[in-house]
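Here is my note on the model. Please read it beside the coordinates, point by point.

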Amino acid sequence: MSDSSPLPPVRLHPEAELARDALSTPLLSRAARLARWAGPETRVDAGGGLAQEQLEAAAEVLGLTGEDAVAYASESWRVAVDAGLVEVVDEEAGTVTAGEDLALLTGGAPHDVLAVWLGALETVLADASVPDLDELMDAMDEGGDIDFSRLDWDPEAEAAFLDGVLGNLYLLTANEDGPGDGPVPLPALAASMIVPGDMDEPTNDVLEQVSDAMMRLDDQFRLLEPIGLVAYQPVDEALMADPEEEPAAPVDETDVSRYGMVRLTPLGVYGLRARLLESGFEAPAVGDLADKGADVLLDGSAGFGPRAARAETEQWLDRREPVSAARELLAAARGSDPGAPLRRLRCQQALSLVGAQAEPAVREVLDDAELGGLARVWLSELGASDVPAPSEDLVFWLTIDTLAAQLAAEGNSEELQALVEGLAQQHSGFFAAAWRVEHPATPDVLEAMGRLHPDKRIAKEARKAAFKARSQQGG
């Protein structure tokens, strides 16, 4: 992902709901329980980890059993320290006390709780980039020290890989309606990081790299699920069994879910967006523009999908009186810059949400050179009476403006192609008149019509008209 282009807007759940989700995640709730359990007798080692002799007691406090109980307790304690729920008072003595942030989990605002959760998330993400225990044991020398040169492990590369995977998952599952309902197959996510975009058929070497990445991601997502970032269905253990052994039960070879399925939770969308913003990405969320001016609303929502744009506009309108909001929108829609046509389209859509209460403000701009056409269309759609008929020049100007807005919003879409074909069919001599329209976008619109129209003769007419328009404008 490039940090120079904005990501799709996401619709976040309310902070109060997200804070409740954060408090109920297994890892943060365990960390909080250990922080409340810790007392004057609790001791930590030089790294802040819970002393070995106290790990079993910690596991018991958490109600953990089994061979991994001590490891889970140790992880929970480390999260408690890193997230500020526990503070080391005396490093030499190894004594601790409750951290300042522990009180935030019960007495803080939702945003405070989420800040603590984000701190815990960073610890888990760092852990997810570390080689697993088996690899560490293999790299241990006779003296018990780890020989990192034998691990083939680059911490920065590992962290960058995981960040890239999570960025792709954000793009694949986070959208204007919230986290996508459908989980992403692990092979597809791994392939998005390994397979070059211009490769039609992956080579055996590339497929092997994808398989290795899947196994690495399987381990990482198992670690990330307890902190609430993802909902994860792990890789079927049978896939990693000895191929010569008979499976315990019949398996469906076509079931892609056996290879792992993952999706972001609503809390995960919030967390990844926060990390993306901190890294310099433009990651909009619906509601960001509600307290901004109409100019920021129209420009900022220009690249939104229809549902996100509508939701953003509704939140903006909820804070304003209808007539004054309509006047502010119309004023912001003026302009001859490249973004102006799309602003006017967004303005017209916003006015439709205001409804009949906007009529006085719309009638005020009937004689405006840039807004008069928009005003007539809007009033006609409203069913208003006494709407003055537009001049022929205004009709052509509005046509170019509308096509320019659609081109900016959708690119060379099928809908735009159908609109272009309809215009050329309904108005003979359209291009002979259109090139004379004094609109900054006239040459670009006519060139687009030349690209989009399937009839070679008409496409040629459009290109000729575009050339004339550009010459007239001195381009």
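1. Start with Arg470. In this predicted model, Arg470 has a relative accessible area of 28%, so the residue is partly exposed. Its salt-bridge partner is Asp444, with the closest N and O atoms 3.1 Å apart. Asp444 is also partly exposed, because its relative accessible area is 42%. What does the pair tie together? Asp444 sits in helix 21 (residues 442–452) and Arg470 in helix 22, so the contact ties together parts that are 26 residues apart in sequence.

2. Helix 22 deserves a second look. The helix spans residues 456–472 and includes Lys464. Lys464 counts as exposed because its relative accessibility is 52%, and the cut-off for that class is over 50%. Lys464 also belongs to a surface patch of positive charge. The other members of that patch are Arg436, Lys460, Arg463 and Lys468.

3. Next, the salt bridges as a set. How many salt bridges does a search of the whole structure find? The search returns 19. Side chains of opposite charge can pair when their charged atoms come close. One of the pairs is Arg334 with Asp368, at 2.9 Å between the closest N and O atoms. Arg334 lies in the loop between helix 14 (322–333) and helix 15 (340–354), and Asp368 in the loop between helix 16 (359–363) and helix 17 (372–382), so the bridge ties together parts that are 34 residues apart in sequence. Arg334 has a relative accessible area of 35%, which means partly exposed.

4. Asp401 and Arg344 are worth checking in the viewer. Their side chains meet in a salt bridge, 2.8 Å from N to O. The bridge links distant parts of the chain, with Asp401 in helix 18 (residues 392–410) and Arg344 in helix 15, 57 residues apart. Are these two residues buried or exposed? Asp401 is buried, and Arg344 is buried as well.

5. A network also turns up. Glu122, Asp163 and Arg275 are joined into one network by salt bridges that share partners.

6. Now the aromatic side chains. The count comes to three aromatic pairs. Phe430 and Phe431 make an edge-to-face pair, with 5.4 Å centre to centre and 80 degrees between the planes. Why is this pair called edge-to-face? The planes stand 80 degrees apart, and the label applies over 60, so the pair falls in that class. Phe430 has 4% relative accessibility and therefore counts as buried. Phe431 is buried too, because its relative accessible area is 6%. Phe396 joins Phe430 and Phe431 in one aromatic cluster.

7. One backbone angle calls for a look. Asp386 has a phi near 60 degrees, a positive value in a residue other than glycine. Most residues other than glycine have a negative phi. Where is Asp386 found? Asp386 is in the loop between helix 17 and helix 18. With a relative accessible area of 68%, Asp386 is exposed.

8. Asp291 is another loop residue to inspect. Asp291 lies between helix 11 (266–278) and helix 12 (294–300). Its relative accessible area is 52%, so Asp291 is exposed. Asp291 and Arg319 are 28 residues apart in sequence, and their C-alpha atoms are 7.9 Å apart in space.

9. Last, Arg222. This residue lies in helix 10 (residues 204–224). Arg222 is partly exposed, because its relative accessible area is 33%. Val235 is 13 residues from Arg222 along the chain, and the two C-alpha atoms are separated by 10.0 Å.

Methods:
Residues are numbered from 1 along each chain as its sequence is written. This is a predicted model: local features need pLDDT of at least 70, side-chain atom pairs count only at pLDDT 80 or more; totals for chains, interfaces and linings use all residues. Side-chain values use heavy atoms; hydrogens and water are left out. Patches are made of residues with over 30% relative accessible area and no salt bridge: like charges are joined within 9 Å, nonpolar side chains (Val, Leu, Ile, Met, Phe, Trp, Tyr) within 5 Å. Accessible areas come from the Shrake-Rupley method with a 1.4 Å probe; for residues, only the protein chains shown count as cover. A salt bridge is a side-chain nitrogen of Lys or Arg within 4 Å of a carboxyl oxygen of Asp or Glu. Lys and Arg count as positive and Asp and Glu as negative; His and the chain ends are not counted. The place of a charge is taken as NZ of Lys, CZ of Arg, CG of Asp or CD of Glu. Helices (H or I, at least four residues) and strands (E, at least two) are DSSP runs, numbered from the N terminus. Buried means under 20% relative accessible area, exposed over 50%, partly exposed in between (1.4 Å probe, protein chains only). Rings of Phe, Tyr and Trp (its six-membered ring) pair if their centres lie within 6.5 Å; planes under 30 degrees apart count as stacked, over 60 as edge-to-face and the rest as tilted.
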